[in-house]
Amino acid sequence: LSGAFRENQSRFKLVLICTAVSGGGLLAYGESVAPEEIITEKKKVVVLGTGWAATSFLKNLNNPKYEVQVVSPRNYFAFTPLLPSVTCGTVEARSIVEPIRNIFKKKKVDVQFSEAECFKIDAENKKIYCRSSLNNNLNGKEEFVVDYDYLIIGVGANVNTFNTPGVMENCHFLKEVEDAQKIRRTVIDCFERANLPDVSEDEKKRILHFAIVGGGPTGVEFAASLHDFVNEDLVRLYPGIKDLVKITLLEAADHILGMFDKRITAFAEDKFRRDGIDVKTGSMVVKVSEKEISTKELKSGGEIKTIPYGMAVWSTGIGTRPFIKDFMTQIGQASRRALATDEWLRVEGCNNVYALGDCATINQRKVMDDITAIFKKADKDNSGTLTVKEFQEAMKDISERYPQVELYLKNKQMRNIADLLKDVKGDDKKESIELNIEELTTALSKVDSQMKFLPATAQVASQQGTYLATCFDRMEECEKSPEGPLRFRGEGRHRFKPFRYKHLGQFAPLGGEKTAAQLPGDWVSIGHSSQWLWYSVYASKQVSWRTKALVVSDWTRRFIFGRDSSSI
Ligand code: FAD
């Protein structure tokens, strides 16, 4: 008994102190509202993931009336835009990660974290099934069930291999922090292996051939970082083999960086050629074996070629996680590529479930309604037609909200409006033409229905997280007074304004302290000044002061001492 008393003594003291400090307020409070009542009043929000979308939601949620349970196999947030820098030791892995508990420890909201992965969602019974990702045993079982009132899915995406044989077994990916660390070790290992005595010249060449599959922003940035690492640091340490190093970038489309302005694409291709990076466009990888990559050359009638390689990095886009695919089948979305939501980020076909970030997409029909509304707004005299000027203004709004629409137009070689007019009207009269809104919407609805209308970027994910946190903060208030603002379209009112993406621009680091920046309003800048803009934006976007300090000190260390080439 005395042991139990001793154990509880400190807690007892704390209650006394609290009572004294609050002048008896604690007791009075206890009398009027039972603590259990307060707890049961709290709605349980379960958040899946600790990436950009989920972390931004957690950082911005301020209403203490929720009880939040976070489930993720990663107990940290990773600043993914700096992963390519980690592959070459420009920045250390620990500098770009922040423990998730640090992020919510000072919040007024009650947040709990479980390091586990969700493997099944039962939306009907509001339950999720999880499996611990640690090698421990939870009283004999590693699985557990969590109930929720609201579920927020921010689980990101998988790598997409397009079922190409041999990719999973033989290629590296650049998606997680561990991937970047593995690539860094493998690059150094390749140099060490090629430097061993008795390795033939041909074998050295093979080992030192670095192949990157995918000419999107990640593949291009990795190729540029690797080129800098090799030329600024490794050639001095391995003088005997420096001339045998080769970097090849393989891209199935006609150009690399297809989603950027054509000036950036041209500059990047030209710079890579000058740097000696072999850019092979129109080259589709069809198979990867242990030592060779087979490609189908689209420009030369589908000829199959084989390329010996030492290390291959696969970076060709993203796919849906298997348990999300199962969930999509369950709720009638089996034919889609990502979870379809409405503009309030609610998953279509089930209640109280929200999806954001790379795993979600906004329903195409809703997007087309939205685009029509923008056209109608631009139609000043309500004539059902737009002048070219009005159309241009509307397109600015559209590409700010849905940059993918612009990307689609570019990909279809409809890089300027005249081309689109041709597509709509079948002629090319430019300025004088009046555009029928219905015809315009039909032309734009040709955007591939499989495509995500918002790009799979950290920018989208974090804006969605912030938006959803604001909605959750105001949920109770809105339930009490349901007369919200007028609907964006249609009759009546709704409680929250729909999510609106604001595109702030994008960067493509090209190596040699040069970056291409494409900012809103088609403002393009390439060179050293954009590199400094890149440094300042990425330093300021770090999730904590600790990571800000670490990243800036890593950059300074690299400027002074170069990159570390040890293989640990
Ligand atoms: P993620 O950030 O991927 O987070 C997913 C979370 O879900 C993770 O915490 C994961 O552990 C967790 N999870 C996974 N499975 C489960 C499960 N079964 N149960 C529970 N939790 C689970 N975007 C930009 O805007 N600018 C850039 O410069 C940029 N550069 C990039 C560079 C690289 C190398 C990469 C890979 C991506 C880059 N991106 C960039 C894209 C950006 O990282 C993604 O769009 C963003 O991470 C998406 O956020 P998310 O929250 O949807 O997913």
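Let me start with an annotation: UniProt, in an unreviewed entry, lists residues 366-401 as "domain: EF-hand". Please keep in mind throughout that what we are looking at is a predicted model. Over residues 366-401 the chain is 75% helix and 8% strand, and the C-alpha atoms at the two ends are 13 Å apart.

One residue from that stretch deserves a closer look, and that is Asn382, which sits in the loop between α13 (364-378) and β22 (385-387). Its phi is near 50°, which is a positive value in a residue other than glycine. Is Asn382 buried or exposed? Asn382 has 7 other C-beta atoms within 10 Å, and therefore it is exposed, since the cut-off for that class is 12 or fewer.

It helps to set beside it Leu257, which lies in the loop between β12 (246-251) and α11 (262-275). Leu257 also is a residue other than glycine with a positive phi, again near 50°, but here 26 other C-beta atoms lie within 10 Å, so Leu257 is buried.

Now let me step back to the chain as a whole, which has 568 residues, 35% of them counted as buried. Its secondary structure comes to 20 helices and 26 strands. If we take the contacts with a separation of 6 or more, 64% of them are between residues 24 or more positions apart.

Let us turn to the ligand, and ask where it lies with respect to the domains. Domain 1 (42-154 + 320-362 + 461-503) and domain 2 (167-318) both give residues to the shell around the ligand, so the ligand lies between them. There are 33 residues around the ligand, and those that come nearest are Gly49, Gly51, Gly156, Gly357 and Thr457. Two or more residues of the shell come from each of the elements α4 (52-60), β2 (66-72), α5 (83-87), β5 and α18 (458-480). By type, the shell divides into 17 nonpolar residues, 11 polar ones and five charged ones.

Helix α4, which I have just mentioned, holds Leu58, and this residue counts as buried because it has 26 C-beta neighbours inside 10 Å. Leaving aside residues up to four places away in sequence, Leu58 touches Val47, Val70, Ile103, Phe104 and Val111. By contrast, Glu251 is 193 residues from Leu58 in sequence and 38 Å from it in space, C-alpha to C-alpha.

My last example is helix α12 (residues 322-330), in which Ile324, Phe327 and Met328 are buried. Why do these three lie on the same side of α12? They do so because they cover an arc of only 100° around the axis. The general background is that an α-helix has 3.6 residues a turn, so residues three or four places apart point the same way. On the other side of α12, Pro322 and Thr329 are exposed, while the cover over the buried residues includes β5 (110-122) and β19 (339-341).

Just after α12 comes Gly332, which takes a positive phi of about 80°. In the loop between α12 and β19 we also find Arg337, which is partly exposed, because 18 other C-beta atoms lie within 10 Å of its own. Finally, Arg337 and Ala180 are 157 residues apart in sequence and, measuring from C-alpha to C-alpha, 26 Å apart in space.

Notes
Residues numbered from 1 in each chain as written. Predicted model: local features only at pLDDT ≥ 70, side-chain atom pairs only at ≥ 80, totals over all residues. UniProt positions renumbered as here; feature names shortened; annotations may be inferred. Helix = DSSP H or I, 4+ residues; strand = E, 2+ residues; numbered from the N terminus. Buried ≥ 20, exposed ≤ 12 C-beta atoms within 10 Å, placed from the backbone. Arc of directions from axis to C-beta. Contact = placed C-beta atoms within 7 Å. Near = placed C-beta within 6 Å. Nonpolar A, V, L, I, M, F, W, Y, C, P; charged D, E, K, R; others polar. Domains from an automatic or database assignment.
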